[in-house]
Every structure is written in structure tokens, then in C-alpha cells.
Amino acid sequence: MIRHPVAATRTYVLVWVVLMILLTLTLGSAYIPLGSLNTVINLGIAVAKALLVMLFFMHLRSGHPVLRIFASAGFFWLALLIGLSLTDFLTR
Amino acid sequence: MPVRATYLNAGFSLWSWLSTHDHKRIAILYTISVTLFFFIGGAAATIIRLTLISPSGDLVSAETYNKLFTIHGVVMVWFFLIPSIPATLGNFLVPLMIGARDMAFPRLNLTSWYIYVLGGLFTIGAMIAGGADTGWTFYTPFSTMFSNSRVIAAVAGVFVVGFSSILTGLNFIVTIHKMRAPGMTWFRLPLFIWTMYATSIILVLATPVLAMTLALIVFERLLGVGVFDPALGGDPLLFQHLFWFYSHPAVYVMVLPAMGVASEIITCFSRKNIFGYRTMAFCILAIAVIGFLVWGHHMFVSGQSVYAGMVFSALSFLVSVPSAIKVFNWTATLYKGSIAFDAPMLYALGFVGLFMIGGMTGLFLASLALDVHLHDTYFVIAHFHYIMVGGSVMAFLGGIHYWWPKITGRIYPDRWARFAALTIFVGFNLTFFPQFILGYLGMPRRYHQYPPEFQVWNILSSAGASILAVGYLLPLGYLAWSLRYGARAGPNPWRAKGLEWQTPSPPPTDNFAATPVVTEGPYAYSATAAAHG
Amino acid sequence: MADSIVLKPQFDDAEQERVASDLGIWVFLATEILFFGALFAAYTITRIRYPEAFAVASRLTNITLGSINTGVLLTSSLTMALGVRSAKLGARTALIGWMCVTVVLGIAFLAIKSTEYYLDYTGHLVPALDFAHAGVHSGPIEIFFYMYFFMTGVHSIHMLVAICLVCVLIAMAWRRSFSPEYFTPVELGGLYWHLVDIVWIFLYPLLYLVSRS
């Protein structure tokens, strides 16, 4: 019989609580005038939320390393698209 | 005497073919479809070359000429070159070469062929409805705002066929990761498998960007507003960045499989292990990765910032390095090998030489100062045709000939095959070398008229094209002949290494009687042993 | 019965089938990241060129409905994850229950989104329809809303597909197709659901929170 690691319900609910806290933080901090720091905070929180979903809800934490590589590859390649394009748009 | 069960006689009805899950049958479905599209794209090229015989270019109207080079590009890129080696030879050989019974997802494999056919129908429909005149690159704002041709229909065809590529790539990646036979470690894989893997990585990461970019064109054209619209503050260059982010890696989709085929053929017909196996494998991955970083070299004179131009130029020089290393290693493999000049080897050698010329001319184009003069001239056309036709198509034909006995169980007539290979080589060079000169002299691409002083080179090129056409038609003849009258092939007529040669020709549906166990590298040839027969 | 799972002929054993399916879905998810990614790239580049216009435009989005929807979607990810967990444990009733809640939350998301679209329409924020925003930034603002509708539209289509997939899973669970030994479709469906959630996690700050202070 195949045994897969089964996380406790508590873990999932805890992650959800953190996600909700992060949502509150990102919404709340948006109303505080911090200039460009607002965007940094918001995107940082978005990344944190995404990581929580991927590591816990999508089981990447306990998954095969190859899965983590392909998960990262998607984001990494998107970063390449945006980053290298910006060498044009930021230097015109 | 009972007939041996093979994948070919496991059902003779049309339905048994159209509903198959067998990767080998799907490969044949693809082979028939891509060949059909090759000749459609070739027909467009024929009319183009006929038009260009005269400087007034009035065989067809200007609008028709625009539609001809558009359909030539769209069909050749998306319906021939990108699927060619992966969907035909790749589909047939990947499970065999790794010792598996089939792909990881056979039904997905069949689905990807149906998606290909659907995309093809859209594109043929677009052609019949009048065609698009934007060029295969669909640049905005012409494609979104000013073209009065069937842009949406053509784009829809490409959008659909992209999903075929994505699913094929996904299937290859999972199959190569998870379905290898015992003992088949990563560094015992044939280099062809490495190229299928790298190609698949490109397909799954790049094609989705194209799909969305095409969707953006369609909606901008339909709605009259969009993110590329300068009147609203949009930037047409944004389209070019998104388009070439896919389309440059796409050219590595077209060439990496050809490199894989070349490695298989050169080792077999030199009776030698490949020189620098691990280096070759890493170069394959390097080409795939660095290939994603160079797309701005298509945009040097588009209005892109000159600093971005410098970055992309430097990266474009970098991507040539692993390709050059591969050429050195093929050469070193040939050195002191026991060389036989069978048709597959003629194609493989042709590939190496012509790819090298195409690649070196790429360096000219990667140089900012030179590209200012060469961009949008025939120099560019010659450059990419040397790689895609002199390189990829020759390797494709080489692969078809090399694995023909395995796929069909028949031997083709060798003299005809070698004659066709030489005809193609001569015809190809006569067609495209004059185009380097035309580009250097300043003849722009996508023009149906040109100054009279360019005529002699255009005539040479068109003459070459007629010879090339003969060369491409010959295999249709003798390969078809061999299906009926060719000698029956044994499991390993070339005495090659590789798991695909350890099973009968044609293979049974399940590929192997028993799962093979791998104990050695992929090219355990010995030149001395071959010399003694 | 769920015990007699038919192993597909290309696989040697159930474990190989499971790891192959897992890798397959993750490769597919990577393609989805790049599929949406092209839109994120277009958005990013346009925003860098017109920061003030995007700030003005973002303030015109409905932050209340957008924030509620974010909460709804995050919660639906929890319920879907708990559903997958139930499948692993063979708890059929819990599995069906959690997946039903997930579907309800998904439909709630789409309902709220539709309301929001209607409000955007009455506010004359739909490009090409009756977009009316006076001012020096009106061009890039129209582009913002073009991207807003495009990105949330593509996201909503994915949401619809995800809802349909989970409904199919509910039907399969009802017919006792799953067991602790075989629940791959539930796992794959869950992963797709979470991806749709992750896309929204990034859409939310980029569309709603650009300049609220």
C-alpha cells in the first residue's frame, strides 16, 4: 500500500489563517502612503501567499525535487521575459 | 508461416489508425500531415521564386505576394519545422530509445495530433478565404489595425497548433523523466533524447507566451483598442518583445532535434563513440536556456533602446558558443572514424556544414553595426534558410532515411537516396547562397520588385530552387516504392547501437518483448571492430 | 470498487503512474504561469511607462468586491486542500463535502466578479464599449482597463474550467472511484484549483492596490 504523508487539518487551517492575515496586511498597508514601498510590500506579500499555497496546499514541501524545479522554472522564465524586456523600456 | 505481429499490422482499418494510442502510429499520422504542409509551404515558395525571376515581379500582385510569403512562413514554421522532427521521429523513437512501451500519456499524444490537424484546418481555411498579408511575424499595428486580410483566421490556426506543441513537449518531458528502462541513466541516454528533452522544455515554456500574444492581437483587432495601440499610449514594440520571446527559442526548437539526429547518424556511420558526450549534453541544455535570452536581436533597428541592443547582441554571441562546440565535437567524432557515405550520412554531413555557415552568418547579424545594414535584407533570409533548410530539413531527411528500415521494415534503394541527397545539397546552395550576396548588395526582403542589377542573383536562386524541388520530390518516389518493393529489413541493418535497434523492424506494438536492461553508454562503437567487419 | 484500479498499460506500476501524473500536471502548471505571464509582462511594461495613469485607474476598481473575492478564493483553496486530504484518507463523505464547498465558493467568486463587471460597465470603464474617462491619462487608463478585463476575464474562464473539473470529481467520488491507493484525479484537480488561486493572488495587488493612499 502506498503511503503518502498526510498533513494534519490543523496545518492547513493554520496556513489559511496566515493567508488571511497577509490579505489584511496587504489591503491595510495599501492605505498607508509609503510611496514605492507600497508596491514592494504588496508584491512581497503576494509572493509569500503564493509560496504558502505552493508549499502547503500544493504539497511541494513534501514532493519530489523535480516538481519544485518545474514550479520555479515557470516563475523564473517569466522573470526573464519581464527583466530582459525592461532593459529596453527602462533605458529608452 | 504466421505473419509476425507488428505495430503496422495491428489493425488495418482507418479507424484503428485514427483512434490509436500507439506512439509509433501517431508518429506516422504526424509524418503524413507535416509532409503535406511541407509541400503547401513549398508551393508558396515556388510561386515566390517564379515571381522573383523578373525585377518587375508582376507574376502576382503586390498584395498576393505579401500573402504568399506570409503563408510560406506560417506553414513552414508552425506546421512543418516545429513539429517535424519532434512529432515524427521523436514520437516514434523516444519510447524505443529509452526502453519504454509507450509515452507517459498516449491519449494526450493522439489529442495533440488532432489539435495539430484542427490548427491546420484553420490555417488552410484562412488561406482559402484570402490569406493574411502581415508576414508570419504579425507585427502590430499593421496586423491589429491596418491589414485588410484574414489575420484573425490565420492567427487562430497558429494559436490552436501551439497547444499541440505544448502537449507534445509535456509528454516528452514526463516520459524521459519517468519511463526510462532499468540502467538507462541520464548520461546513458542517446543525444537525440537530450535534444528531445531540451526542445520540450522550450516548447512548454515559450509557446504559452505566443498563445497569449496572439490572443492580444485578435482582441485588439476585434475591439479597436488594445495594449499595442500607440494612440492610447500602447507600444507596438511590446508586441515584438512578446512575439520574439517565443519565436527566437522556437528556432532552437527547429534546430536542436536536427542536432540530435546528426549525433545519432554520425556516430553510427563513423563507427565511433561521440566525442565529448557530456559536453554535448550540456551544450544542448545551454543552447535551450541561452536561446531564451537573445530575442532582442530581431529588434535592433525597431526603436528598441541601444543599451538593450548591446545586451542582446552580447548574449547572441554567447549562444553561438555551445553550437560551435557541437560542430567541433562532430568533427572530432569523424576524425579517425571508419566512415561510410550512406544516404543518412550524406544528409548528416550536409547538416553540419550548412548549419555551420548559417550559424556563422548569424554572428554577422548579431553585430549591431552590421545588422543596421543587413536587417530586413536577403542576408537574413539566407541566414535562417541555411539553418532551417540546409540544417533542419536535411537532418530531418537524414533521420527519415536512417530510421526508415526500423519504421517500415523496408530498405530503400541506396543509389536513388544518395542521388537525392546530393541533388538537394546542390540545389539548396544554388538557391540560398546568392541570397547572401543579394542581402549584402541591399535587396530588401518581402519585396516582389527589385532593381534590375539584382536580377542575375535572383535567377540563380530560382534555378537552384527548381533543382531543390526535384531533390525533395525524389524521396517521395523511391521511399513509396520501397514500401512495396524494398528488401525487408532486419532489426539492425546499420549495425547501430541504441535500444531502438534491439527490437524487430517494424517493432511490435509494445516495442520490446521484455523490458531491456541497459548496461552501457549509447555509442559503444569500436572503429577497429568495424574495420574487421 | 475502488480497489481494482486498472493500471494503464504504459506504466509498470501504480507508483510510476502517480509520479508521472504529478510531474505532468506541474509541467502543465508551468505553462499556465507563462500563459498568464505574457499578460503580466504586458501589464508591467505598460505600468512602468505610465505609473500615474495606472495609479488613477486602479483607484477606479472596486476594492471591496476585489478584496472579498480574494478572501473567497483563498478559503476555497483551503477547502480544496482539505478535500484532497480526505481523499488520501479514504474519507469519501468528507471528500465530497469539501469539494462541494469549494465549488460553492468558486461560484460565489464568479458571481461577485460578474457583479463587479456590471458595476464597471455602469461606471463606463469598459474599453471599446462606452469607455468614458476624461483627463490627460485617458489613453493609458483605457489600456489599464483593457488589461483588467483581459486578465480577470482569462482568469474567470480558468475559474469556470476549474469549477467544472471539481464537479466531475464530485461525480467520480460519488461513484466511489477513489481510494487511498488511487486519488490522482483529485490531486491533479486540486493543483489546478490552487494555480487559479495563485494567479488571482498576483492579480489582486496589481489591479486593486496600485495607489490607495
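Buried residues account for 59% of the 533 residues in chain B. Here a residue is buried if 20 or more other C-beta atoms, placed from the backbone, lie within 10 Å of its own, exposed if 12 or fewer, and partly exposed in between. Please keep in mind that this is a predicted model, in which local features need pLDDT of at least 70, side-chain atom pairs count only at pLDDT 80 or more, and totals for chains, interfaces and linings use all residues. Residues are numbered from 1 along each chain as its sequence is written, and chains are lettered from A and ligands numbered from 1 in the order in which they are written.

**Chain B overall**

Chain B has 16 helices and zero strands. Both are DSSP runs numbered from the N terminus: helices are H or I with at least four residues, strands are E with at least two. The C-alpha trace spans about 70 × 45 × 45 Å along its principal axes. Chain B has a radius of gyration of 23 Å, which agrees with a compact globule, because 533 residues would then give a value near 24 Å. That radius is taken over C-alpha atoms, and the globule rule is 2.2 Å times the number of residues to the power 0.38. Among contacts in chain B between residues at least 6 apart in sequence, 85% join residues at least 24 apart. Two residues are in contact if their C-beta atoms, placed from the backbone, lie within 7 Å.

**A closer look at Phe312(B)**

Phe312(B) sits in helix H10 of chain B. It counts as buried because it has 26 C-beta neighbours inside 10 Å. Leaving aside neighbours within four places in sequence, Phe312(B) contacts Val294(B), Gly296(B) and His297(B). Phe300(B) is twelve residues away along the chain, with 8.8 Å between the two C-alpha atoms.

**The nonpolar core**

A nonpolar core is a set of buried Ala, Val, Leu, Ile, Met, Phe, Trp, Tyr and Cys residues joined through C-beta atoms within 7 Å. The largest one has 284 residues, and those touching the most other members include Ile193(B), Ala262(B), Leu39(C) and Met147(C). H8(B) gives the largest share of this core, 23 residues. The core lies between domain 1 (1–61) and domain 2 (64–92) of chain A, because both give residues to it. These bounds come from an automatic or database domain assignment, and the C-alpha centres of the two domains lie 21 Å apart. As for Ile193(B), its contacts beyond four places in sequence are Val94(B), Met97(B), Ile98(B) and Ile176(B).

**Where chain A meets its partners**

Chain A uses eleven residues to contact 13 residues of chain B, and 41 residues to contact 41 residues of chain C. In the table, Ala, Val, Leu, Ile, Met, Phe, Trp, Tyr, Cys and Pro count as nonpolar, Asp, Glu, Lys and Arg as charged, and the others, Gly among them, as polar.

| Side touching chain A | Largest share | Nonpolar | Polar | Charged |
|---|---|---|---|---|
| Chain B | H10(B), three residues | eight residues | five residues | no residues |
| Chain C | H1(C), 18 residues | 24 residues | nine residues | eight residues |

On chain B, helices H7 (191–223), H8 (236–270) and H10 (306–334) each supply at least two residues to that side. On chain C, the elements giving two or more residues are helices H1 (14–49), H3 (63–89) and H6 (184–208).

**A helix in chain C**

Helix H5 (residues 138–174) of chain C has 37 residues and reaches 53 Å from its first C-alpha to its last, close to the expected 54 Å. That expected span is 1.5 Å times one less than the number of residues. Just after H5(C), Arg176(C) takes a positive phi of about 60 degrees.
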